[in-house]
Amino acid sequence: CNSKVFNLIKFRSMIVDAENDGPQYAVDNDPRVTPIGRFIRAIRIDELPQLFNILLGDMSLVGPRPERIEIVDEYASTRPEFKYRLKVKAGLTGYAQVYGKYNTSFEDKARMDIYYIANYSLLLDIKLILYTIKIIFSKESTDGFEESASKVKISAPKEKAAESRNK
């Protein structure tokens, strides 16, 4: 299990004390995001300092995105399978970031992370890195959560689905 706690390095994009009431996800047109924060999020440099986390060995380039301790504890208490995400290092990009959006439901992102862990390969990592570069230039993947976030269906590649049916 790789449940090591570390400090995630990011550029500040929200006002000071934006989470006085506890951890919260960003929403569309979130009033807590500063004008400079909107800009650095739009051009995706708010995540750039996490390259230092990778160099320090806290994170990997590809893997499930890191979550705050409070969120891990909350989800793991009601969904024990969520802790499966902690079997690998957190990543700067991942399956859920490529095939989901920021406003994809947390449950669907967790399912995508588990799919990634179960199907890990160097080829998959390379594919995810290349898709990430493409997505960096796509605005809709930076949208926040809406009141009713849409669900994402996850389907295994045909060869994996066939293998699982034959077991």
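This section describes salt bridges and the surroundings of one aspartate in a predicted model.

A search of the whole structure finds eight salt bridges. A good place to start is the pair formed by glutamate 47 and lysine 10, whose side chains meet with an N to O distance of 3.3 Å. This salt bridge links distant parts of the chain: lysine 10 belongs to the segment before α1, while glutamate 47 sits in the loop between α1 (35-42) and α2 (50-55), and 37 residues separate the two. Glutamate 47 is partly exposed, at a relative accessible area of 22%, and lysine 10 is also partly exposed, at 40%. The pair does not stand alone, as Lys10, Glu47 and Arg65 are linked in a network of salt bridges.

A second salt bridge joins the side chains of arginine 68 and glutamate 19, with 2.4 Å from N to O. Here too, distant parts of the chain are linked, with arginine 68 in the loop between β1 (60-62) and α3 (69-78) and glutamate 19 in the segment before α1, 49 residues apart. Arginine 68 counts as partly exposed at 33% relative accessibility, and glutamate 19 falls in that class at 29%.

Helix α5 offers a local example. Aspartate 108 and arginine 111 both lie in this helix (residues 106-118), three residues apart, or about one turn. Their closest N and O atoms are 2.3 Å apart, and the two residues form a salt bridge. How does accessibility divide this pair, and which partner is buried? Aspartate 108 is the buried one, because its relative accessible area of 0% is under the 20% cut-off. Arginine 111, in turn, has a relative accessible area of 45% and is therefore partly exposed, a class that ends at 50%.

Attention now turns to aspartate 58, which is found in the loop between α2 and β1. Aspartate 58 has a relative accessible area of 13%, so this residue is buried, the limit being 20%. Beyond its neighbours within four places in sequence, aspartate 58 is in contact with Lys4, Phe6, Asn53 and Lys89. With lysine 4 there is a polar contact between the two side chains, at 2.8 Å. Leucine 8 gives a further view of the fold around this position: the C-alpha atoms of aspartate 58 and leucine 8 are 8.6 Å apart in space, although the residues are 50 apart in sequence.

How values were computed: Residues are numbered from 1 along each chain as its sequence is written. This is a predicted model: local features need pLDDT of at least 70, side-chain atom pairs count only at pLDDT 80 or more; totals for chains, interfaces and linings use all residues. Side-chain values use heavy atoms; hydrogens and water are left out. A salt bridge is a side-chain nitrogen of Lys or Arg within 4 Å of a carboxyl oxygen of Asp or Glu. Helices (H or I, at least four residues) and strands (E, at least two) are DSSP runs, numbered from the N terminus. Buried means under 20% relative accessible area, exposed over 50%, partly exposed in between (1.4 Å probe, protein chains only). Contact means heavy atoms within 4.5 Å. A polar contact is a pair of N or O atoms within 3.5 Å; within protein, one must be able to donate a hydrogen and the other to accept it, and residues adjacent in sequence count only if both atoms are side-chain atoms.
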